[in-house]
Amino acid sequence: VRVYIVKANDLHPMDINGKADPYLVLQLGSKRTSDKENYVSKQLNPVFGKCFEMEASFPQDSVLTVQVIDWDLLGGDDMIGETKIDLENRFYSRHRATCPIATKFDPCGYNEWRDPMKPTQILTKLCKEGKVDGPHFVKNKVTVGDKVFAINSEQSVTDSPTANKILEEQLALGVLHHWEEIARVGSHLVPEHVETRALYNPDKPGIEQGK
């Protein structure tokens, strides 16, 4: 499981100066990861910019808990709030919520494709599972079932095997973004996005402690 945490907004003040010193703690089954040494001093809108990786096995590791903790110099640290994510539900979702679908296939660079499966592999798997004919790639088109998808006119086949392979990935990605159009088995697939989740504290039920 790979978790990207960008930032928190509007955290509940925890210190007498009206601020907090937040850091992150992740809990998955019996595994616990703390980023206490990188707490953000005197901030209610901290930018974390962190990536965490943890191993999970279903069903025992089905819920990921993300906590925002307030660091204290004296005494124990206090939890500001937490959110719980049902990983098993996402894993088995027909909307493929495990790794959202990016807008573009980039083989390298800062926006490099992050899914362990490439678009062509994802599309082939979905077709096989749904018993849909395809995908069949011919020049700058791909056929899935009874539908034909074409790539933009400015992107066409070349004599370069590498360039053509990238075009195939872009074609497959285009189909994934329109998977709901495939008869009988199609559904909207989760697009790449930044998810915002409310934080709650069990000691203050129903009162949001930030996002």
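## A hairpin and its glycine

Let's start with the hairpin of β2 and β3, where two residues lie between the strands and glycine 29 takes a positive phi near 60 degrees. This is a predicted model, and the hairpin is a good place to begin reading it. Strand β2 covers residues 22–28 and is joined to β3 by four bridges, with the two strands running antiparallel. One of the pairs to look for is valine 25, whose bridge partner in β3 is serine 34.

## The four-stranded sheet

Now widen the view from the hairpin to its sheet. Four strands form an open sheet here, in the order β3-β2-β5-β6, and the pairing is antiparallel. Which strands stand at the edges? They are β3 (31–34) and β6 (78–86); each has a single partner strand, so one side of each is left without a neighbour in the sheet. On average, neighbouring strands of this sheet are turned by 15 degrees against each other, direction ignored. As general background, strands of a sheet pair through backbone hydrogen bonds, either parallel or antiparallel.

At the β6 end of the order, β5 (residues 63–70) pairs with β6 in the antiparallel sense over eight bridges. To find your way along this pair, look for glutamine 67: its bridge partner in β6 is glutamate 82.

## The three-stranded sheet

Further along the chain there is another open sheet, formed by three strands in the order β7-β8-β9, with antiparallel pairing. The edges are taken by β7 (136–138) and β9 (147–150), each with a single partner strand, so one side of each is left without a neighbour in the sheet. Neighbouring strands of this sheet are turned by 25 degrees against each other on average, again with direction ignored.

How many bridges pair β8 with β9? Strand β8 (residues 141–144) and β9 pair over four bridges, in the antiparallel sense. Two residues of this pairing are easy to follow: valine 142 stands opposite phenylalanine 149 in β9, and threonine 143 stands opposite valine 148 in β9. The hairpin of β8 and β9 has two residues between the strands, and glycine 145 there takes a positive phi near 60 degrees.

## Two helices that cross

Next come the helices. Helix α2 (residues 119–129) and helix α3 (residues 161–176) pack at an angle of about 45 degrees, and their axes are 8 Å apart. That angle makes α2 oblique to α3. Their crossing is left-handed.

Which residues of α2 meet α3? Pro119, Thr120, Ile122, Leu123 and Leu126 do, and on the α3 side they meet Lys165, Glu168, Glu169, Ala172, Leu173, Val175 and Leu176. Sorted by class, this contact has eight nonpolar, one polar and three charged residues.

Helix α3 also ties this part of the picture to the three-stranded sheet: α3 lies across β7, β8 and β9 and runs at about 40 degrees to β8.

## A closer look at glutamate 129

Glutamate 129 lies in helix α2. The side chain of glutamate 129 makes a polar contact with the side chain of lysine 125, at 2.5 Å. For a sense of scale, glutamate 129 and threonine 196 are 67 residues apart in sequence and 31 Å apart in space, C-alpha to C-alpha.

## Backbone details in the loops

A few loop residues deserve a visit of their own. Aspartate 10 is in the loop between β1 (2–7) and β2. Although aspartate 10 is not a glycine, its phi is positive, at about 55 degrees.

Where are the cis peptide bonds described here? One joins phenylalanine 58 and proline 59, with omega about 10 degrees, and proline 59 is found in the loop between β4 (47–53) and β5. Another is the bond from glycine 134 to proline 135, where omega is near 0 degrees. Proline 135 is found in the loop between α2 and β7, which brings you back to elements you have already met.

How values were computed
Residues are numbered from 1 along each chain as its sequence is written. This is a predicted model: local features need pLDDT of at least 70, side-chain atom pairs count only at pLDDT 80 or more; totals for chains, interfaces and linings use all residues. Side-chain values use heavy atoms; hydrogens and water are left out. Axes are lines fitted to C-alpha atoms, for helices over the stretch in contact, and angles run from 0 to 180 degrees between N-to-C directions. Angles under 35 degrees count as roughly parallel, over 145 as roughly antiparallel, 65 to 115 as roughly perpendicular and the rest as oblique. A crossing is left-handed if the near helix is turned anticlockwise from the far one by less than a right angle, and right-handed if clockwise. Contact means heavy atoms within 4.5 Å. Ala, Val, Leu, Ile, Met, Phe, Trp, Tyr, Cys and Pro count as nonpolar, Asp, Glu, Lys and Arg as charged, and the others, Gly among them, as polar. Two strands pair if DSSP finds at least two bridges between them. A polar contact is a pair of N or O atoms within 3.5 Å; within protein, one must be able to donate a hydrogen and the other to accept it, and residues adjacent in sequence count only if both atoms are side-chain atoms.
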